[in-house]
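Let's take a friendly walk through this structure together, one feature at a time. Keep the 3D view open and turn it as you read.

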Amino acid sequence: MMDHWQRFKASDLFYDFKRDKVAIVSFAVFVLLFVCAFSAPLIAPYNPYDPANIDIMSSEIPPVWMAGGMDDYILGTDAQGRDLLSTMIYGMRISIVIGLCAVLLQAVIGIVIGLIAGYYGGKLDGFFMRLADVQLSFSYLMVAIFVSAVLQAAVGVGRFAEIAVPFLIIVIGLAQWPQYARTVRASVLAEKKKEYVEAARVTGFNSHRIMWRHILPNCMSPILVLSTIQVANAVMSEAALSFLGLGMPVTRPSLGSLINAGFEYIFSGSWWITAFPGLLLVILVLAVNLLGDFLRDVLNPKLYKG
Amino acid sequence: MSVLLQVEDLTVNFALRTGDLTALNGVSFALNEGERLGLVGESGAGKSVAGFAIINLISKPGYIAGGRVLFQGEEISALPQEAIRRIRGNRISMVFQDPMMTLNPVLTIGTQMVETLQAHRDIGPSEAAAIAADKLRKVHIPSPEKRLRQYPHEFSGGMRQRIIIAVALLNDPQLIIADEPTTALDVTIQAEIMDLFLELCEQSRMGLMLITHDLAVVSETTEKIAVMYAGKIVEEGRTGDVVRSPRHPYTQGLIAALPQGEHRGTRLNQIPGTMPTLTRIPPGCSFHPRCPHVMAVCARREPASLPVDYPGGGQGVVACHLFDPQRHDE
């Protein structure tokens, strides 16, 4: 463990990181948000899932610095009378969980398909890549609307709330796997021509081992870069779906459904219900995107002198 | 002395849209246990294809169209892929030209060596690491235990080629096929690597098939030599005999083209013309358009492989009409 840390400290990645202020700040912001989100029950002043905290009498209280604000609710309350800050922290947790899990699903599907398509080539390659084209020609929103409509009709709106998280993960995960498959396939095509692959074959390794153990680790840089971008995209997609009312229910809101819920109250003056979750979403996505930019610059295969 | 490797009439074709190209045309040679053979020829003569064909690793669109390969009496050219895979890297190892490229850049030397061992033997990681360190010591890498934890980019070119040789040695092979092992290295390192090969072959009675275009390297290292031209072996014999008194006009041209100290200041000899590409191999003897001794029969008929005697009493094989006693009878 110490050995790995020592090696990381000596790496080019760490060297570049220390010299890139944007990367340091965005990493710090991301870590801060991540820690806040996952320690939500510890740091949030209220539990927004507790029905006892829903009080219509304290709804739409403005932030503390405005006229009518209360010390108990720093960022005010939403239409249900829940503390907005607490709801946002819990909502961010849901957003991040869905984002990460969806990207994990995309990555698993995309890497397996990309590796197989790139390594074996031929008909298999043609089939999977056309499948990817077909997949990308559907808007994921359209698929999500269709599937969720069917699901809501099938299991009922109440039950749908329970399965909303896995549903979102699967929809977003399935929608974006071609990005991974294409990226991985492109790197595999480049890597499999290299002599170390030939050498591995001469050594008597089987195809399975050559694919996973020798080619895949050499394709990790583009996968890493793509993953950061995809996490940001998935969080946005989740917010978009929730905003359209296809995602998380208001009882367990994500950032997207909070923005959606507050949208109805903007013209009645309660702008904060939409504005603060929106701001948090922008900061979260921006931090992840900036980290992705940094990684892309550092791991740029064109600058990489293997 | 028993025969280690016997290649009989090996033919490799490449299936292209325009038809089949013959890259290796009826190549036959034999290698005894612990013997060193040099396979020489220009680029494109089919040397590397021969190396890959022996371990049945011709990639598409190439395929083995005929002939057989016997290794320790077993016909390995007839084995299914799974069985030949167990021989590769185990009983027959291969060393490639470019040491910068043949090691996986993202895995440590130790990981790659342990993996190679475990692919063929049922041993634990610590035992495998001990064998790996031992082999590194054999190729004169200092402090091998420390080196096992390093990545390929932390080594120099010469060291990497030694490591590749150590990887090839891991499973104590009976035969190493070295495809231009010193071409990417500078001359002093070349000599070191060839000395290392000699030392290792003698230590463990390992057979070596050295594929190269460098006659100087072959003449210093090997006992036998086979000269290839356009996919065929044109001359084969003891290295000393062939280098001292080559019989085939192509070999004579090659030897004459070597720079020699006493002719300082004069132009180097060269064989006129270039080797034909596989799409345009001339009829008859493929060397005849460039041959100084060309006869009418050369363009008509392919020469058979004929036994020849060298001045020192050695025996060899040469594919040239000049040595055919019946050619005047036609």
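## The second largest cavity

In this predicted model, the second largest cavity has a volume of about 60 Å³. Which residues line the second largest cavity? Several are histidines: His248(B), His288(B), His293(B) and His321(B). Cysteines take part as well, namely Cys285(B), Cys291(B), Cys298(B) and Cys320(B). The lining is completed by Pro249(B), Phe287(B), Met295(B) and Leu322(B).

Sorted by class, this lining has eight nonpolar residues and four polar ones, with no charged residues.

## The largest cavity

How many cavities of 30 Å³ or more does the structure hold? There are four, and the largest of them has a volume of about 250 Å³. Its lining is made of 21 residues. To find the centre of the largest cavity in your viewer, look for Ala199(A), Ala200(A), Thr203(A), Thr102(B) and Val167(B), the lining residues that lie nearest to it.

Helix H9 of chain A (195–202) gives the most to the lining of the largest cavity, with four residues. From chain B, strand E6 (92–95), helix H3 (109–120) and helix H6 (157–169) each give two or more residues to this lining. By class, the lining of the largest cavity divides into 12 nonpolar, eight polar and one charged residue.

## The second largest pocket

Now turn to a pocket. The second largest pocket has a volume of about 880 Å³, and 22 residues line it. Those nearest its centre are Tyr119(A) and Arg201(A) together with Leu57(B), Ser59(B) and Lys60(B).

Which element supplies the largest share of the lining of this pocket? The answer is H9(A), with four residues. Helix H5 (84–120) and H10 of chain A, and helix H2 (81–87) of chain B, also supply at least two residues each. The lining of the second largest pocket has 10 charged residues, along with seven nonpolar and five polar ones.

## Where the two chains meet

Next comes the interface of chain A and chain B. Here 17 residues of chain A are in contact with 24 residues of chain B. The size of an interface is often given as the accessible area lost when the parts come together. For chain A and chain B, the buried area is about 1,900 Å², with 58% of it on carbon and sulfur atoms.

How many salt bridges are counted between chain A and chain B? The count is two. In one salt bridge, Glu115(B) pairs with Arg213(A), and the closest N and O atoms are 2.9 Å apart. Across the interface, nine residue pairs are found in polar contact.

On the side of chain A that touches chain B, helix H9 (195–202) and helix H10 (207–215) each supply at least two residues. H9(A) gives the most to this side, with six residues. By class, the side of chain A that touches chain B has seven charged, five polar and five nonpolar residues.

## Chain A as a whole

Finally, step back and look at chain A from end to end. How many helices and strands does chain A have? There are 13 helices and zero strands. Read along the sequence, the pattern is therefore written with α at each position. Along its principal axes, the C-alpha trace of chain A spans about 75 × 50 × 30 Å.

Notes: Residues are numbered from 1 along each chain as its sequence is written. Chains are lettered from A and ligands numbered from 1 in the order in which they are written. This is a predicted model: local features need pLDDT of at least 70, side-chain atom pairs count only at pLDDT 80 or more; totals for chains, interfaces and linings use all residues. Side-chain values use heavy atoms; hydrogens and water are left out. Contact means heavy atoms within 4.5 Å. Buried area is the accessible area (1.4 Å probe) that two parts lose on being put together, summed over both. A salt bridge is a side-chain nitrogen of Lys or Arg within 4 Å of a carboxyl oxygen of Asp or Glu. A polar contact is a pair of N or O atoms within 3.5 Å; within protein, one must be able to donate a hydrogen and the other to accept it, and residues adjacent in sequence count only if both atoms are side-chain atoms. Ala, Val, Leu, Ile, Met, Phe, Trp, Tyr, Cys and Pro count as nonpolar, Asp, Glu, Lys and Arg as charged, and the others, Gly among them, as polar. On a 1 Å grid over the protein atoms alone, a cavity is a set of points where a 1.4 Å probe fits but cannot get out, and a pocket is an open set with protein on both sides within 12 Å along at least five of seven lines; lining residues have an atom within 4 Å of a point. Grid points are joined across faces, edges and corners, and a volume is the space filled by probe spheres set on the points.
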